[in-house]
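Colleague: I have this model open and would like a close look at one part of it. Please choose a part that helps me see how the rest is put together, and take me through it slowly.

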Amino acid sequence: MDQLDQKQLEQLKQQQAQKEQMEEVKKSILTQILTPEAKQRLANIKLVKPEKAELIEVQLCQWAKQGKITNQLSEDELIKLLEAAEGQKKQETKVTFKRRKLSSEDEDDI
């Protein structure tokens, strides 16, 4: 039983170390591709919507690794990217109401 617990503990430690290493790599990439103002904007988003900020960070890192981002992004460029991404995800929904008259309402109108 102790050996099983030790193995699980080791695996958890390895997973935690991997997570920390990935976070460091992500921070390093973001520091290279974002200006301080853009980093601050992303930090503000992270305070309000952490899940959204995480997705944005991952996307920016992927773009940097693919070579799509070659120079530092300013705050305005980051905002434009965010608006474009938001526009793609937003779907317009339209609600229409169709009212039917009841037979008793028809008789009253006559």
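Modeller: Happy to. One term first: two residues are in contact when heavy atoms of one lie within 4.5 Å of heavy atoms of the other. This is a predicted model, with a mean pLDDT of 85 for the protein and 87% of the residues scoring at least 70. Confidence peaks in α2, at 93, and is lowest in helix α5 (residues 103-109), at a mean of 58. Where pLDDT is low, the predicted coordinates should not be read in detail.

For the overall layout, the protein has five helices and zero strands, so to speak an α-α-α-α-α order from the N terminus on. Of its 110 residues, 16% are buried. Among contacts between residues at least 6 apart in sequence, 66% join residues at least 24 apart.

The part I would pick is α3, residues 50-66. This helix has 17 residues and spans 24 Å from first C-alpha to last, close to the 24 Å expected at 1.5 Å a residue. Its buried residues are A53, I56, E57, L60 and C61. Looking down the axis of α3, those residues fall within an arc of 135 degrees, so they line one face of the helix. The general pattern behind this is that an α-helix has 3.6 residues a turn, so residues three or four places apart point the same way. On the face turned away from the buried side, α3 carries the exposed residues E51, L55, K65 and Q66. Just after the helix, G67 takes a positive phi of about 85 degrees.

What does the buried side of α3 belong to? The largest nonpolar core has 15 residues, and those with the most contacts inside it are L30, I33, L34, L42, I56 and L60. At least two residues of this core come from each of α1, α2, α3 and α4 (75-89), and α3 supplies the largest share, four residues. L60 is a good residue to centre your view on: setting aside residues up to four places away in sequence, L60 touches L30, I33, L34, L42, I69, L73, L78 and L81.

Now turn to α1, a partner of α3. With 32 residues, α1 reaches 47 Å from its first C-alpha to its last, close to the 46 Å expected at 1.5 Å a residue. An unreviewed UniProt entry lists residues 5-32 as a coiled-coil region, and in the model that span is 100% helix, with its end C-alpha atoms 41 Å apart. The buried residues of α1 are K26, I29, L30 and I33, and they pack against α2 and α3.

K26 deserves a second look. This lysine counts as buried because its relative accessible area is 10%, under the 20% cut-off. Beyond its neighbours within four places in sequence, K26 is in contact with E54, E57 and C61; of these, E57 and C61 are among the buried residues of α3.

Last, follow the chain to T35, in the loop between α1 and α2. T35 is also buried, at a relative accessible area of 14%. Leaving out neighbours within four places in sequence, T35 is in contact with Q72, L73, S74 and E75. One of these, L73, is also touched by L60, which brings us back to α3.

Conventions: Residues numbered from 1 in each chain as written. Predicted model: local features only at pLDDT ≥ 70, side-chain atom pairs only at ≥ 80, totals over all residues. Heavy atoms only, no water. Buried < 20%, exposed > 50% of the residue type's maximum accessible area, 1.4 Å probe, protein only. UniProt positions renumbered as here; feature names shortened; annotations may be inferred. Expected span 1.5 Å × (residues − 1). Core = buried A, V, L, I, M, F, W, Y, C linked by side-chain atoms within 4.5 Å. Arc of directions from axis to C-beta. pLDDT = per-residue confidence, 0-100.
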